[in-house]
Amino acid sequence: MDARQLAAVASLCAKRYRQTKEQVDILRTTLYERERQQHALDAHAIVSIADAAGNILYANDRFCEASGYSRHELVGKIRRIVKSGMHPAELYADLWQTISRGLIWHGELCNRRKDGSFYWVETTIVPFLDDEGRPYQYISIRTDITHVKEAEQRLTRSQVYANIGTWDWNIETGDLYWSDRIAPLFGHREGTLETTYENFLAAVHPDDRQQVADAVKACVEQGAEYNIEHRVVWPDGTVRWLIERGDVVRDAAGSPLHMLGVVQDITERKLAEVALEESQRLARLGNWTVDLASGDISWSKEVYSLFNRSLHDYRPTLPAYYAELTYPEDVDKLRQAAQRILENGGPERIDHRILWPDGSVRWVHLEGYAERDAAGTPLALTGMIQDITERKHTEMALEESRKRLEEAQSLAKLGYWSADKTTGALQWSDEIYHIFGLDPAHFTPSVETFERAVHPDDAELILASERRAAESGVHDVVHRIVRPDGEVRYVRELAHARVGANGELLQLTGTVQDVTELKQAEHAMLRAKEAAEAASRAKSEFLASMSHELRTPLNSILGFAQLFSMDPALPSHGKEYAREIERAGQHLLSLVNDLIDLARIEAGKLDLFPAPVSVKAVVADSLAMVTPIARDRGIRLIDAGGSGKDTMVMADSTRLQQVLINLLSNAIKYNRPAGAVHIACHTEHGATRIAITDNGPGIPAEKQVRMFSAFDRLGAERGQVEGSGIGLVITRSIVEAMGGSIGFESAEGRGSTFWVTLPATTAAVCAVDESPASDTDTALAARAYVLYIEDNPMNLHLMQRIFTARDNLQLRTAHTAEIGIQLARVEPPALVMMDINLPGMDGYTALQILKTDSATAAVPVVAVTANAMKGDEKRGLKAGFDAYITKPIDIPMLFSVIDKLAHGASRDA
């Protein structure tokens with residue numbers, strides 16, 4: 001090879017070497033960059049690679065840290081090892097369908113760590129494709145967004161808790177965004193209301209719509225504050241109150257771009273404001289504020305009425321208060337009180353007179369204090385004012401009476417007396433005969449005759465004062481006397497005592513004075529005070545009681561309307577009428593939730609449905625209801641028949657059954673072991689008497705006068721027999737309300753007989769399908785049953801009608817929690833439905849007894865109640881109720897709850 005060829009070869013080798021070196025350098029640089037990229041990716045993201053079947057081939061350190069698994073535990077496992085179960089199957093189906101087609105999938109997933117906790121990741125899955133375009137492996141790159149999701153969840157929870165929603169209106173495009181809570185605030189389910197400005201305005205109450213539109217316009221065009229309270233009407237007709245606050249985002253030129261805001265439900269606050277106005281109206285009390293800079297006065301609504309001024313036409317100011325409203329002689333006193341408030345901050349209290357436009361003079365009680373800035377400078381005076389005219393008149397009348405009494409004491413001689421406690425001799429001056437209404441010519445006073453004139457209830461007062469007089473030397477007592485004509489007067493005795501060497505009382509000498517008018521004035525003030533306190537309690541209890549009181553009849557209205565509409569035999573127009581009734585009832589229910597009406601707060605009202613009732617039928621039904629209780633206690637029930645068994649009485653059937661069950665239950669509970677209870681019926685002189693006799697221990701004679709006293713169980717509260725002590729009080733009220741009477745006879749050691757007498761009626765006797773009466777147990781139906789504990793007859797009638805559609809279950813009822821508990825213990829039902837507001841023991845107490853008793857602990861208990869105020873359902877479920885159904889009852893929902901909780905009993909029936 002010549003030199004030129006060698007040189008060419010050498011040159012070519014050198015060139016190839018340089019090219020190879022450049023390529024190696026490029027590859028080294030590329031590899032370094034890829035390694036740094038991989039390092040950056042691994043440092044930031046959660047990375048894994050899986051084969052086509054989803055088995056993990058590679059997992060970086062971040063994956064191991066996030067999941068809690070080691071790389072050894074992850075590699076070779078299918079990716080569902082971190083699957084949380086939080087997402088629907090459709091999401092994973094969409095994911096696999098996307099990547100199996102060779103497409104990239106983006107989304108947010110919730111994964112489960114090895115310790116069971118959850119973490120959220122924003123995920124991108126990229127398929128690796130072979131030459132034929134089929135995926136042979138997948139790389140998943142994830143970013144941990146748990147803190148973001150938790151922040152979103154906290155925001156959502158806070159909005160739900162505060163009942164607040166947020167919105168963002170793009171003014172340029174008209175697009176509107178609102179958070180999930182907005183739709184429920186407008187009465188729609190989340191996600192069901194299209195987010196448009198038109199839908200928002202459509203939900204606003206028609207009377208408030210223009211006001212809202214004007215406020216939005218003023219905020220957008222003029223920059224005015226958007227802070228407005230308005231009503232919305234839900235699709236079901238419910239009216240709610242909302243408050244909205246917002247502002248406009250503008251560009252550098254001031255043009256509006258977005259309007260942002262929040263909306264919150266303030267219905268409860270509005271109702272509270274209405275309640276406050278009502279309470280202030282009843283108490284004749286209002287609030288006021290004086291702006292010291294302007295002299296303007298702000299009054300609450302009731303203050304205008306208190307001053308007899310028009311809310312719309314009169315503008316109160318501080319100068320006018322002194323010049324026009326205050327009685328002239330009281331102005332200086334009022335100015336001085338205001339000055340003291342400014343000096344020491346208050347509170348300051350003062351009574352003064354005011355003038356009405358017609359010249360009438362009224363009395364008010366005013367309390368005030370100062371509001372100051374950070375530097376301590378007074379900015380305003382604020383406080384309350386109350387009309388006390390009637391109280392002042394009473395005080396002035398009392399003061400006048402006292403003045404007359406003082407004048408009489410100074411001008412007239414008081415009655416003088418002297419009593420010898422050893423001989424019983426008594427001397428009176430002439431005035432005392434006049435005080436006691438006695439004629440001196442026909443009456444000889446003595447200690448004995450004086451004691452007979454003393455009111456029986458006050459005899460102990462005098463004896464106690466005499467015992468004190470033996471120690472202190474002074475006898476001072478006010479007591480009542482009864483004149484021969486029956487008039488009761490109050491007298492005050494004031495005397496000095498003479499005591500013997502052994503401390504015994506020998507003689508009393510002093511005066512007596514008639515103080516009847518003074519006592520009457522004191523009683524009048526006490527009654528006025530008690531009336532005011534009662535009114536205050538009524539106002540405090542109003543919101544809680546109103547819902548329950550009015551929901552009870554609505555339960556029957558809506559319940560029966562639903563039954564009618566579900567009746568397949570009812571013609572279509574009849575069903576439409578039933579639906580109209582239901583719609584009207586639902587509207588009435590919404591008004592019940594919004595309006596405050598004190599007219600329904602009355603005590604002692606009973607709902608009765610008098611009609612001819614078969615004595616035989618009601619006795620048979622009552623015996624059947626208490627048979628399990630008797631069987632459990634080993635007590636025989638004996639139907640003794642009688643002449644009144646086949647008669648009819650005029651009564652409320654459900655209430656009469658309630659009376660008999662209560663008396664039978666008492667006869668069973670307070671009987672001796674292996675005892676018996678007889679029930680007999682007799683008719684005489686147009687009345688039927690039902691008598692229930694036990695052979696228990698009887699009632700001691702000294703306790704019989706307390707038999708119908710509320711909450712007095714005659715000592716039985718220390719025993720093991722459950723009860724509240726009001727059953728007989730309720731029973732007597734029911735019987736007397738039905739035009740009947742109730743009584744008892746008892747002898748200690750020989751048992752008791754309680755009887756109920758009701759007017760008989762000539763209506764035809766209905767046939768009663770019952771088994772022959774005997775002294776053995778009366779068998780109940782063998783089917784599985786639901787126990788309903790409810791004291792309201794309308795609700796009992798409704799539930800009985802509802803259960804006619806449930807052939808596989810039998811409904812049994814109890815009108816008190818005590819009787820219901822006894823029935824459930826003896827024969828546990830498939831399900832217990834129970835009202836909460838029951839006479840005696842309430843539903844919450846009964847629930848705890850049922851849940852802690854091994855015989856009934858497994859029985860589901862459902863609350864069926866009119867307690868539907870905010871928080872009632874949460875409280876009920878927390879207490880242990882398996883479900884919480886509010887009245888008016890939604891019958892399909894009721895059936896759903898029964899089928900869910902009593903399904904085992906239904907299959908066995």
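This section describes the overall content, one helix pair, the internal cavities and selected residues of a predicted model.

The protein has 909 residues, and 42% of them are buried. Its secondary structure comprises 27 helices and 32 strands. Contacts were also examined by sequence separation. Among contacts with a separation of 6 or more, 57% join residues 24 or more positions apart.

Packing was examined for one pair of helices. Two packed helices are described by the angle between their axes and the distance between the axes. Helix H20 spans residues 653-669, and helix H21 spans residues 727-737. Their axes come within 10 Å. The crossing angle is roughly 145 degrees. The crossing of H20 and H21 is left-handed. On the H20 side, the contact is made by Arg655, Gln658, Val659, Asn662, Leu663 and Asn666. On the H21 side, Gly727, Leu728, Ile730, Thr731, Ile734 and Val735 take part. By class, this contact has six nonpolar residues, five polar residues and one charged residue. Glycine is counted as polar here.

A search of the whole structure for internal space returned three cavities of 30 Å³ or more. The largest cavity holds about 130 Å³ of space. It is lined by 13 residues. Trp167, Leu176, Tyr197, Phe200 and Glu244 are the closest of these to the cavity centre. Four elements each supply at least two lining residues: strand S6 (164-170), strand S7 (176-178), helix H7 (197-203) and strand S10 (256-265). The lining of the largest cavity divides into 12 nonpolar residues, no polar residues and one charged residue.

The second largest cavity holds about 60 Å³ of space. Its lining consists of Gln658, Val659, Asn662, Gly727, Ile730, Thr731, Ile734, His815 and Thr816. H20 and H21 each supply at least two of these residues. H21 gives the most, with four residues. By class, the lining of the second largest cavity has three nonpolar, six polar and no charged residues. The lining also ties this cavity to the helix pair. Gln658, Val659 and Asn662 of H20 belong to the helix contact, and these residues are listed in the cavity lining. On H21, Gly727, Ile730, Thr731 and Ile734 take part in the contact and also line the second largest cavity.

Two residues that are not glycine have a positive phi. Ala674 has a phi of about 60 degrees. Ala674 is found in the loop between H20 and strand S24 (676-684). With a relative accessibility of 57%, Ala674 is over the 50% cut-off and therefore counts as exposed. His685 has a phi of about 55 degrees. This histidine sits in the loop between S24 and strand S25 (687-694). His685 has a relative accessible area of 78%, so it is exposed. Strand S24 thus has one of these residues in the loop on either side: Ala674 between H20 and S24, and His685 between S24 and S25.

Two glycines were examined in turn. Gly191 lies in the loop between helix H6 (182-185) and H7. Its relative accessibility is 80%, so Gly191 counts as exposed. Gly191 and Asp180 are 11 residues apart along the chain. Their C-alpha atoms are separated by 6.8 Å. H7, at one end of this loop, also contributes to the lining of the largest cavity.

Gly876 lies in helix H25 (residues 872-879). Its relative accessible area is 0%, so Gly876 is buried. Gly876 touches Tyr844, Phe881 and Tyr884, with residues up to four places away in sequence not counted. Ala863 is 13 residues from Gly876 in sequence. The C-alpha atoms of Gly876 and Ala863 are 7.5 Å apart.

Finally, one charged residue was examined. Lys392 lies in helix H13 (residues 389-411). Its relative accessibility is 15%. This value is under the 20% cut-off, so Lys392 counts as buried. With neighbours within four places in sequence left aside, Lys392 is in contact with Asp351 and Trp363.

Technical notes: Residues are numbered from 1 along each chain as its sequence is written. This is a predicted model: local features need pLDDT of at least 70, side-chain atom pairs count only at pLDDT 80 or more; totals for chains, interfaces and linings use all residues. Side-chain values use heavy atoms; hydrogens and water are left out. Axes are lines fitted to C-alpha atoms, for helices over the stretch in contact, and angles run from 0 to 180 degrees between N-to-C directions. A crossing is left-handed if the near helix is turned anticlockwise from the far one by less than a right angle, and right-handed if clockwise. Contact means heavy atoms within 4.5 Å. On a 1 Å grid over the protein atoms alone, a cavity is a set of points where a 1.4 Å probe fits but cannot get out, and a pocket is an open set with protein on both sides within 12 Å along at least five of seven lines; lining residues have an atom within 4 Å of a point. Grid points are joined across faces, edges and corners, and a volume is the space filled by probe spheres set on the points. Buried means under 20% relative accessible area, exposed over 50%, partly exposed in between (1.4 Å probe, protein chains only).
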